[in-house]
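Hi there,

Here is the structure I promised to pass on to you. Have a look at it first, and then read my notes below with the picture open beside you.

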Amino acid sequence: MNFTIEFEQESDGRWIAEVAEIPGAMVYGNTKEEASAKVQALALRVLAEKLEHQEASSDLVTISFNAA
């Protein structure tokens, strides 16, 4: 499964990163790289929770992130 990370820079310089395919998976970072790392970690936690509660299929075994 592939996920897309969308980025936007705020007027104060902070970066917002969001995984488009996971509602609510959005974070702020001081740099684009920090925001990317944080949102990937958040997405993995969300997916792990879904797998643990059998709310996701096993096709999530292979995961990749692509910057938009």
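Before we start, one definition will help: two strands pair if DSSP finds at least two bridges between them. Please also keep in mind that this is a predicted model.

**The sheet**

With that definition in hand, you can trace an open sheet of four strands, in the order S3-S2-S1-S4, with mixed pairing. Its edge strands are S3 (26-29) and S4 (64-67), each of which pairs on one side only. From one strand to the next, the twist averages 25°. In general, strands of a sheet pair through backbone hydrogen bonds, either parallel or antiparallel.

Let's take the pairs in turn. Strand S1 covers residues 2-9 and strand S2 covers residues 15-19; the two run antiparallel and are joined by five bridges. If you would like a landmark there, find Ile-5, which stands opposite Val-19 in S2. S2 also pairs with S3, again in the antiparallel sense, over four bridges. Here the landmark is Glu-18, opposite Met-26 in S3. S2 and S3 form a hairpin with six residues between them, and Gly-24 in the turn has a positive phi of about 85°.

**The helix and the core**

Now look for helix H1, residues 32-52. This helix lies across S1, S2, S3 and S4, and it runs at about 150° to S3.

Which residues make up the largest nonpolar core? There are twelve: Phe-3, Ile-5, Trp-15, Ala-17, Val-19, Ile-22, Ala-25, Val-27, Ala-35, Val-39, Ala-43 and Leu-47. S1, S2 and H1 are the elements that give two or more residues to this core, and H1 provides the largest share, four residues. As a general point, nonpolar side chains tend to be buried together in soluble globular proteins.

Ile-22 is a good residue to click on. Leaving aside its neighbours within four places in sequence, Ile-22 is in contact with Phe-3, Ala-43, Val-46 and Leu-47.

**Strand S3 and Tyr-28**

The side chains along S3 alternate: Val-27 and Gly-29 point to one face and are buried, whereas Met-26 and Tyr-28 point to the other and are not.

Is Tyr-28 buried, exposed or partly exposed? Tyr-28 has a relative accessible area of 39%, and because this value falls between the 20% and 50% cut-offs, the residue counts as partly exposed. Leaving aside neighbours within four places in sequence, Tyr-28 is in contact with Glu-10, Arg-14, Trp-15, Ile-16, Ala-35 and Lys-38. One of these, Arg-14, lies over the face of Tyr-28, at 4.1 Å from the ring centre. You can also check a distance: the C-alpha atoms of Tyr-28 and Glu-18 are separated by 9.0 Å, and the two residues are ten apart along the chain.

**Other rings**

Another charged residue over a ring is Lys-32, which lies over the face of Phe-7, at 4.8 Å from the ring centre. As for aromatic pairs, a search of the whole structure finds one.

**A residue in a loop**

Finally, please visit Gln-54, in the loop between H1 and S4. Gln-54 has a positive phi of about 55° although it is not a glycine. With a relative accessible area of 73%, Gln-54 is over the 50% cut-off and therefore counts as exposed.

Enjoy exploring, and write back with any questions!

Best wishes

How values were computed: Residues numbered from 1 in each chain as written. Predicted model: local features only at pLDDT ≥ 70, side-chain atom pairs only at ≥ 80, totals over all residues. Heavy atoms only, no water. Axes fitted to C-alpha atoms, helices over the stretch in contact; angles between N-to-C directions. Contact = heavy atoms within 4.5 Å. Core = buried A, V, L, I, M, F, W, Y, C linked by side-chain atoms within 4.5 Å. Buried < 20%, exposed > 50% of the residue type's maximum accessible area, 1.4 Å probe, protein only. Phe/Tyr/Trp six-rings, centres within 6.5 Å; stacked < 30°, edge-to-face > 60°. Lys NZ or Arg CZ within 6 Å of the ring centre and 35° of its normal.
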